[in-house]
Amino acid sequence: MTLEDTLTIREMCDAYQVTPRTLRFYEAKELLFPIRQGQKRLFTKRDRARLKLILRGKRFGFSLEDIRQLLDLYDMGDQQSTQLRRTYELAQQRLAEMERQRDELNEAIGELNEQIEWGAQMLASMDQKTAAA
């Protein structure tokens with residue numbers, strides 16, 4: 001590995017739209033393993049690939065612990081078969097959870113729309129009474 005293959009913390013922040021604090025947090029959680037040169041952090045291609053997976057996992061609502069477990073499965077030596085199977089299982093579970101949340105949200109939206117409509121009718125009725133008086 002040459003230093004040309006690495007990115008500084010600033011370059012990582014710019015490339016992935018994250019803060020230095022986020023990168024340090026992921027490093028502290030042992031999700032990223034930058035090369036340390038004094039106070040300087042240099043991120044490898046492996047770190048960049050891991051960060052992409054972390055950000056994608058967070059976007060889909062996976063916990064950091066789920067993401068860590070999936071990342072740890074990469075090095076099992078089975079061409080990522082175990083990692084892919086576990087990712088598939090977690091993704092199915094997460095999708096079912098998201099669909100359930102969507103259904104609950106759609107129901108709440110419907111109920112709120114009904115309440116708003118009721119409120120609009122009540123206001124219109126009050127306005128008519130006020131105008132007639």
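**Close-up views of a predicted model**

**View 1. Here's the largest pocket and the residues around it.** In this predicted model, the lining of the largest pocket is made up of Leu 53, Arg 56, Gly 57, Phe 60, Phe 62, Ile 67, Leu 70, Leu 71, Gln 83, Thr 87 and Ala 91. Helix 3, helix 4 and helix 5 (81-132) are the elements that each give two or more residues to that lining. The space inside comes to about 270 Å³. Sort the lining residues by type and you get 7 nonpolar, 3 polar and 1 charged.

**View 2. Now for the two domains and what they share.** The domain assignment splits the protein chain into domain 1 (1-62) and domain 2 (76-133). Taken over C-alpha atoms, their centres are 34 Å apart. Even so, both turn up at the largest pocket, with at least three lining residues drawn from each of domain 1 and domain 2.

**View 3. Next up is the largest nonpolar core.** This core has 18 residues, and those with the most contacts inside it are Leu 23, Tyr 26, Leu 32, Leu 51 and Ile 54. Helix 1 (9-16), helix 2 (20-28), helix 3 (45-59) and helix 4 (64-72) each chip in at least two core residues. The largest share, 4 residues, comes from helix 4. Zoom in on Leu 51 and, leaving aside neighbours within four places in sequence, you'll find it in contact with Met 12, Tyr 16, Leu 23, Tyr 26 and Leu 32.

**View 4. Arg 48 takes the spotlight here.** Arg 48 sits in helix 3. Is Arg 48 buried or exposed? Its relative accessibility is 14%, so Arg 48 counts as buried. Setting aside neighbours within four places in sequence, Arg 48 is in contact with Asp 5, Thr 6, Leu 7, Met 12, Tyr 16 and Phe 43. Take Met 12 from that list: Arg 48 and Met 12 are 36 residues apart in sequence, and their C-alpha atoms are 7.9 Å apart in space.

**View 5. Last stop, Glu 27 and its contacts.** You'll find Glu 27 in helix 2. Glu 27 has a relative accessible area of 15%, and because buried means under 20%, this residue makes the cut. Which residues is Glu 27 in contact with, leaving aside its neighbours within four places in sequence? They are Leu 32, Pro 34, Arg 36 and Arg 41. As for Lys 45, Glu 27 is 18 residues from it in sequence and 15 Å from it in space, C-alpha to C-alpha.

Note on methods:
Residues are numbered from 1 along each chain as its sequence is written. This is a predicted model: local features need pLDDT of at least 70, side-chain atom pairs count only at pLDDT 80 or more; totals for chains, interfaces and linings use all residues. Side-chain values use heavy atoms; hydrogens and water are left out. A nonpolar core is a set of buried Ala, Val, Leu, Ile, Met, Phe, Trp, Tyr and Cys residues joined through side-chain atoms within 4.5 Å. Buried means under 20% relative accessible area, exposed over 50%, partly exposed in between (1.4 Å probe, protein chains only). Contact means heavy atoms within 4.5 Å. On a 1 Å grid over the protein atoms alone, a cavity is a set of points where a 1.4 Å probe fits but cannot get out, and a pocket is an open set with protein on both sides within 12 Å along at least five of seven lines; lining residues have an atom within 4 Å of a point. Grid points are joined across faces, edges and corners, and a volume is the space filled by probe spheres set on the points. Ala, Val, Leu, Ile, Met, Phe, Trp, Tyr, Cys and Pro count as nonpolar, Asp, Glu, Lys and Arg as charged, and the others, Gly among them, as polar. Domain bounds come from an automatic or database domain assignment.
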